[in-house]
Amino acid sequence: MTNPLANRIALVTGASRGIGFATAKVLAKAGAHIVAVARTQGGLEELDDEIRKDGGSATLVPLNLTDSDGIARLGAGLHERYGKLDILVGNAGVLGPSSPIGHIELKAFTDVMAVNVSANFQLIRCMEPLLKQSDAGRAVFVTSGAANKATAYVSPYAASKAALETLARAWAQETANTKLRVNLFNPGPVRTRMRATLMPGEDPATLDTAEQVAEFIVPMCAPDWTETGKFYDYKTRSLMSFRSPA
């Protein structure tokens, strides 16, 4: 069996469950060493067990991504240990309140932005030098259709994903002339805890699993992936370019 990601270092956020957990497992199975970041120690240990069963390896990093100094320390630690980072999967995200805008407290809004936007901003700042040390640095950020649909009653989440998309696209332009490739991935409705919270009456059996979705993230992390500044839509299985509003 070939390991297309052998000797590559992959940082995955939100790795203790859902899409992050599944993506970390598939990347490890492809040969990457996983640096798994999440708040939940138990979930990380479960991931480590699953990765080891498949013969892979992982470094577990219990970290709240609102700890910007902690992200900086993580970057310094990766530099000291590996001198590079090959793959960054920015998956961690929170849904936040589901209410009309006028009913949402300011702190609830800023809490969502802190995880979904500011944490990714700090990851970019701290991991870019390491990704540029790779012969084929790859960054993938998990977004949502709520960003362009401006979905009602989840405005903090929708706004945060719209901001994340713009941040990633700007970074892709800034690094277009380097070996680093930066892209976005929209999984659509998936059988996760977040989806169940948002749509409690939905039959989860009608949705694809996180494992099915993760299989499509992995190619975007490979050295032979050449696109940057693009948007992969899992539902339609298509890679899209962003267009200016009509």
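**Exercise 1. Find which elements the buried residues of helix H3 pack against in this predicted model.**

*Solution.* Start with the partners. The buried residues of H3 pack against strand E1 (9–13), strand E2 (33–38), strand E3 (58–62) and helix H4 (106–133).

Next, pick out the residues themselves: Gly-70, Ile-71, Leu-74, Gly-75 and Leu-78 are buried in H3. Around the axis they cover an arc of only 145 degrees, which puts them on the same side of H3. The spacing has a familiar background: an α-helix has 3.6 residues a turn, so residues three or four places apart point the same way.

Now turn the helix around. Asp-69, Arg-73, His-79 and Glu-80 are exposed, and they sit on the face of H3 turned away from its buried side.

Finally, check the length and the exit. H3 runs over residues 68–81, and its 14 residues reach 20 Å from first to last C-alpha, close to the 20 Å expected at 1.5 Å a residue. Just after H3 comes Gly-83, with a positive phi of about 75 degrees.

**Exercise 2. Work through helix H2 in the same way: which residues are buried, and what covers them?**

*Solution.* Begin with the span. H2 (residues 41–53) has 13 residues, which should span 18 Å at 1.5 Å a residue; the end C-alpha atoms are 19 Å apart, which agrees.

Then list the buried residues of H2: Gly-43, Leu-44, Leu-47, Asp-48 and Ile-51. Their arc around the axis is only 145 degrees, which puts them on the same side of H2. What covers them includes H1, E2 and E3.

On the face turned away from that buried side, H2 carries the exposed residues Arg-52 and Lys-53. After H2 follows Gly-55, whose phi is positive, near 85 degrees.

**Exercise 3. Decide how enclosed strand E1 is, and trace its pairing.**

*Solution.* Count first: 5 of the 5 residues of E1 are buried, so the strand is largely enclosed by the rest of the structure. Now split them by face. Ile-9, Leu-11 and Thr-13 lie on one side, with Ala-10 and Val-12 on the other. The general rule behind this split is that side chains in a regular strand alternate between the two faces of the sheet.

For the pairing, take one neighbour at a time. E1 pairs with E2 in the parallel sense over 5 bridges, and Leu-11 has Val-35 as its bridge partner in E2. E1 and E4 also run parallel, joined by 3 bridges. In E4, Leu-11 has Leu-88 as its bridge partner, while Val-12 stands opposite Val-89.

The connection comes last: E1, helix H1 (residues 18–29) and E2 make a right-handed β-α-β unit.

**Exercise 4. Follow strand E4 to its other partner, then locate Asn-91.**

*Solution.* E4 (residues 87–90) has both faces covered: Ile-87 and Val-89 are buried on one side, Leu-88 and Gly-90 on the other. With strand E5 (residues 138–142), E4 runs parallel, joined by 4 bridges. One pair to look for is Val-89 opposite Val-140 in E5. E4, H4 and E5 make a right-handed β-α-β unit.

Now step into the loop between E4 and H4, where Asn-91 is found. Is Asn-91 buried or exposed? Buried means under 20% relative accessible area, and Asn-91 has 13%, so Asn-91 is buried.

What does the Asn-91 side chain reach? At 3.2 Å lies the backbone oxygen of Gly-14. Leaving aside residues up to four places away in sequence, Asn-91 touches Thr-13, Gly-14, Ile-19, Gly-20 and Val-142.

Notes
Residues are numbered from 1 along each chain as its sequence is written. This is a predicted model: local features need pLDDT of at least 70, side-chain atom pairs count only at pLDDT 80 or more; totals for chains, interfaces and linings use all residues. Side-chain values use heavy atoms; hydrogens and water are left out. Helices (H or I, at least four residues) and strands (E, at least two) are DSSP runs, numbered from the N terminus. The expected span of a helix is 1.5 Å times one less than its number of residues. Buried means under 20% relative accessible area, exposed over 50%, partly exposed in between (1.4 Å probe, protein chains only). The arc is that of the directions from the helix axis to the C-beta atoms. Contact means heavy atoms within 4.5 Å. Two strands pair if DSSP finds at least two bridges between them. A crossover is right-handed if, with the strands pointing away from the viewer, the path from the first strand over the helix to the second runs clockwise. A polar contact is a pair of N or O atoms within 3.5 Å; within protein, one must be able to donate a hydrogen and the other to accept it, and residues adjacent in sequence count only if both atoms are side-chain atoms.
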